[in-house]
Amino acid sequence: MTICFATNNPNKLREIRQLLGGQFDIKSLKDIGCQEELPETGDTLEANSLEKAQYVFDHYGVDCFADDTGLEVAYLDGAPGVYSARYAGPDRNNQSNISLLLKNLGEVDHRFAQFKTIVTLIRGGEVEQFSGVVGGEITRELQGEDGFGYDPVFRPTGYQNTFAEMSADEKNAISHRGLAIAKLVNFLKSH
Ligand code: IMP
């Protein structure tokens, strides 16, 4: 079965292709000829995820799914949340985002945070949404080289390592996106 994942992020495509275990032919935006940036004008993860999937379905006529993820930090009242990618500015720089996050948290001990992903699937025009959440804490320093985004400063609850110190398989098994995608896969298999 062919389905487009509305992203060009190579890390996410690799993660998803691992999770779907060869059962689905996953096309990227580039693969379907979509060059333009997808609209993300909502102020919730649900709205943004739907907006991206709807855009691809409407303009390219292919079944697709889109994800939107936010890092919600308790001490910062849920920030950066839906604005995680542009936390430190419009250029979506991971290093600047992490620096700003560590600066805003300072030395506080209350460092609980969660990653939340909403995946929106549009198949034959029918819309379904799936969520995945993983709790953890923001470390005081960057730890690890792997992963992307905020991975070097996010340590999931019950683990010694940050996401950036885990293998892709280890992260996929417990991550926000892994959990949301697992729900998507179950849905696709049973419908
Ligand atoms: P997006 O909605 O997937 O584009 O993610 C929004 C922001 O969260 C971006 O800054 C990403 O780098 C970050 N992000 C998304 N997923 C992850 C993850 O698995 N680990 C670390 N950061 C992530």
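**View 1. Lys 171 and Asp 151 pair up in a salt bridge.** In this predicted model, the closest N and O atoms of Lys 171 and Asp 151 sit 3.0 Å apart. Lys 171 belongs to helix α4 (residues 168–174), while Asp 151 is in the loop between β6 (126–138) and β7 (154–156), so the bridge ties together parts that are 20 residues apart in sequence. Both partners, Lys 171 and Asp 151, are buried.

**View 2. Lys 52 reaches Asp 68 in a salt bridge.** Here the N to O distance between the two side chains is 3.0 Å. The contact links distant parts of the chain: Lys 52 comes from helix α2 and Asp 68 from strand β3 (residues 64–73), with their positions 16 residues apart in the numbering. Zoom in and you'll find Lys 52 buried, along with Asp 68.

**View 3. Glu 37 meets Arg 92, loop to loop.** Their side chains form a salt bridge at 3.8 Å, N to O. Glu 37 is in the loop between β2 (25–27) and α2 (45–60), and Arg 92 is in the loop between β4 (80–81) and α3 (94–105); the two are 55 residues apart. Glu 37 counts as exposed because its relative accessibility, 61%, is over the 50% cut-off. Arg 92, with a relative accessible area of 35%, is partly exposed.

**View 4. Five charged residues join in one network.** Step back from the two previous pairs and you get the wider picture: Glu 37, Glu 40, Lys 52, Asp 68 and Arg 92 are linked by salt bridges. For the whole structure, the salt-bridge count is 12.

Terms used. Residues numbered from 1 in each chain as written. Predicted model: local features only at pLDDT ≥ 70, side-chain atom pairs only at ≥ 80, totals over all residues. Heavy atoms only, no water. Salt bridge = Lys/Arg side-chain N within 4 Å of Asp/Glu carboxyl O. Helix = DSSP H or I, 4+ residues; strand = E, 2+ residues; numbered from the N terminus. Buried < 20%, exposed > 50% of the residue type's maximum accessible area, 1.4 Å probe, protein only.
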